[in-house]
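This report walks through one structure for a reader who has not met it before. It moves from single residues to helix packing and then to the nonpolar cores.

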Amino acid sequence: MAEISKKQSFHHRNLKLVLQQIINYAPISRIDIARNLKMNKSSITALYNEIEQKGYLKEIGIGKASKVGGRKPILVAFNEKYGYTISVDLGYKHLHIMANYLNGHDFYYQRIKNHNSNIHDILKTVDSQINLIAQKEKTQHGLLGIAFSIHGIVDQTQIVNSPFLDMKNIDLQKRYFEKYQVPVLLENEANLAAIFEHDFNNQENKANLLCVSIHKGIGAGIILNQQIYRGYRGAAGEIGRMLVSSSNQTKIEDICSEDAVVERLKSLKNNNNLERSDLVKLATQDDSDVQTILQEFIRGIAKILVNVSVSLAPEEIYLSSPLLEELPALFAKIKACTEKLGLIPRLYLIGNSNYATLLGASSLIIHHVLQLDNYNLKFHYQ
């Protein structure tokens with residue numbers, strides 16, 4: 001029995017390796033898969049046929065014959081019509097939802113303003129969007145999995161802390177699994193942004209990446225040795241809680257988060273109706289109050305990046321921030337400041353951060369649906 005189990009385990013591993021090759025290197029032929037995996041052609045053919053029977057493959061053309069001649073190989077890719085996944089970002093002001101085929105390509109995206117922060121109302125909108133997607137897109141197996149982006153701490157299937165959105169003790173994983181009978185994953189949004197950079201934009205296959213997310217709070221997604229690092233009970237990366245002053249318990253996100261910057265502007269202008277868009281407008285007008293606020297923001301973020309870099313030694317660091325997207329000159333100043341402070345890793349700004357988070361969520365749930373959780377997959381977005 002032990003020998004049979006070992007043989008089955010070896011077979012399943014080889015199946016996953018072949019599927020990984022098809023996802024990562026399509027269009028690809030059987031001969032290329034055999035060459036890449038250093039396996040004989042007959043073994044690859046058996047594995048290939050099994051994957052084809054599952055409905056994962058589609059033929060997309062004919063490749064070139066080898067230099068010694070022979071039949072031209074058939075090129076295949078992953079069959080995007082096999083099924084799809086849905087990713088949901090539960091933001092405080094906006095709900096973002098995306099649907100993706102299992103090759104990572106998205107075919108649906110909506111950004112919906114939350115008219116209030118009541119989680120019950122937000123989830124009703126999520127349900128209506130899921131039903132709408134099911135009506136619009138017909139695939140062989142329909143919805144195969146759902147992933148939620150959480151602006152807080154997540155420990156496996158449970159939300160440990162949601163500081164910006166009251167979850168009212170709703171068990172999201174249980175609710176959506178029972179409703180749709182598909183796998184449901186929850187993950188921190190900064191972790192998902194890091195997964196996006198690793199799985200969609202990491203052409204050089206770097207193993208250690210850091211993504212710092214600057215929204216209502218400040219968090220970090222950490223990838224170490226090709227895997228997301230969550231720490232004890234999912235609390236790794238809560239860098240916004242670093243203390244600036246121990247005497248009054250001031251945290252770095254009390255000064256440098258997007259909300260903190262806007263709140264400071266409200267105080268200086270004595271206007272509680274101001275929002276990020278107002279700050280951006282005043283920044284372009286060289287408003288003196290805004291310039292003072294942003295200088296403090298630049299110095300604070302630069303110090304965070306240097307300190308975290310010293311601790312984790314990433315190969316690259318990415319910033320995910322709507323504020324920096326609207327004020328790209330601000331990113332340039334942060335980059336210059338970090339260089340003066342001795343930051344070694346290269347620093348990048350993620351464009352369209354909300355979209356990136358959803359793509360990271362799609363990668364997470366696709367890995368899970370295909371039972372490739374610990375396999376390195378490379379996706380491309382359109």
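Lys-64 is found in the loop between strand 1 (57-62) and strand 2, where helices (H or I, at least four residues) and strands (E, at least two) are DSSP runs numbered from the N terminus. At 77% relative accessibility, Lys-64 counts as exposed; here buried means under 20% relative accessible area, exposed over 50%, and partly exposed in between, with a 1.4 Å probe and protein chains only. Not counting residues up to four places away in sequence, Lys-64 touches Lys-72 and Pro-73, a contact being defined by heavy atoms within 4.5 Å. From C-alpha to C-alpha, Lys-64 and Ile-74 are 9.1 Å apart in space, while in sequence they are 10 residues apart.

This is a predicted model, in which local features need pLDDT of at least 70 and side-chain atom pairs count only at pLDDT 80 or more, whereas totals for chains, interfaces and linings use all residues. Residues are numbered from 1 along each chain as its sequence is written, and side-chain values use heavy atoms, with hydrogens and water left out.

**Backbone features in loops**

Most residues other than glycine have a negative phi, and most peptide bonds are trans. Against that background, a cis peptide bond joins Ala-26 and Pro-27, with omega about 0°, and Pro-27 lies in the loop between helix 1 and helix 2. Asn-169, although not a glycine, has a positive phi, as does Arg-233; the table sets these two residues side by side.

| Residue | Phi | Loop | Relative accessible area |
|---|---|---|---|
| Asn-169 | about 60° | between strand 8 (158-161) and helix 5 (172-180) | 82%, exposed |
| Arg-233 | near 55° | between strand 12 (227-228) and strand 13 (243-245) | 43%, partly exposed |

**Helix 8 and its surroundings**

Does the length of helix 8 agree or disagree with what its residues should span? At 1.5 Å a residue, the 12 residues of helix 8 (residues 258-269) should span 16 Å, and its end C-alpha atoms are 17 Å apart, which agrees; the expected span is 1.5 Å times one less than the number of residues. The buried residues in helix 8 are Glu-258, Ala-260, Val-261, Val-262, Leu-265 and Lys-266, and they pack against strand 10, helix 7 (253-256), helix 9, helix 10 and helix 11 (322-326). Just after helix 8, Asn-270 takes a positive phi of about 55°.

The axes of helix 8 and helix 9 come within 10 Å and cross at roughly 70°, axes being lines fitted to C-alpha atoms, for helices over the stretch in contact, with angles running from 0 to 180 degrees between N-to-C directions. Helix 8 and helix 9 are therefore roughly perpendicular to each other, a label for angles of 65 to 115 degrees, whereas those under 35 count as roughly parallel, those over 145 as roughly antiparallel and the rest as oblique. Their contact is made by Glu-258, Val-261, Val-262, Leu-265 and Lys-269 of helix 8 together with Arg-276, Leu-279 and Leu-282 of helix 9.

For helix 9 (residues 276-284) and helix 10 (residues 288-312), the axes come within 8 Å and cross at roughly 105°, which makes helix 9 roughly perpendicular to helix 10. Leu-279, Leu-282 and Ala-283 of helix 9 make this contact with Val-290, Gln-291 and Leu-294 of helix 10.

**The nonpolar cores**

A nonpolar core is a set of buried Ala, Val, Leu, Ile, Met, Phe, Trp, Tyr and Cys residues joined through side-chain atoms within 4.5 Å. The largest one has 50 residues, and those with the most contacts inside it are Val-18, Leu-19, Ile-23, Ile-51, Phe-78, Leu-102 and Leu-370. Among the elements that give two or more residues to this core are helix 1 (2-25), strand 2 (74-78) and helix 13 (353-369), and helix 13 supplies the largest share, nine residues. Leaving out residues up to four places away in sequence, Leu-102 touches a set that includes Phe-78, Leu-144, Ile-366 and Leu-370.

A second, separate core of 39 residues includes Ile-222, Val-290, Ala-302 and Leu-330. Leu-330 has its place in helix 12 (residues 328-340) and, at 5% relative accessibility, counts as buried. Apart from neighbours within four places in sequence, Leu-330 is in contact with Leu-294, Phe-297, Ile-298, Leu-323 and Leu-324. The C-alpha atoms of Leu-330 and Ile-298 are 7.5 Å apart in space, although the two are 32 residues apart in sequence.
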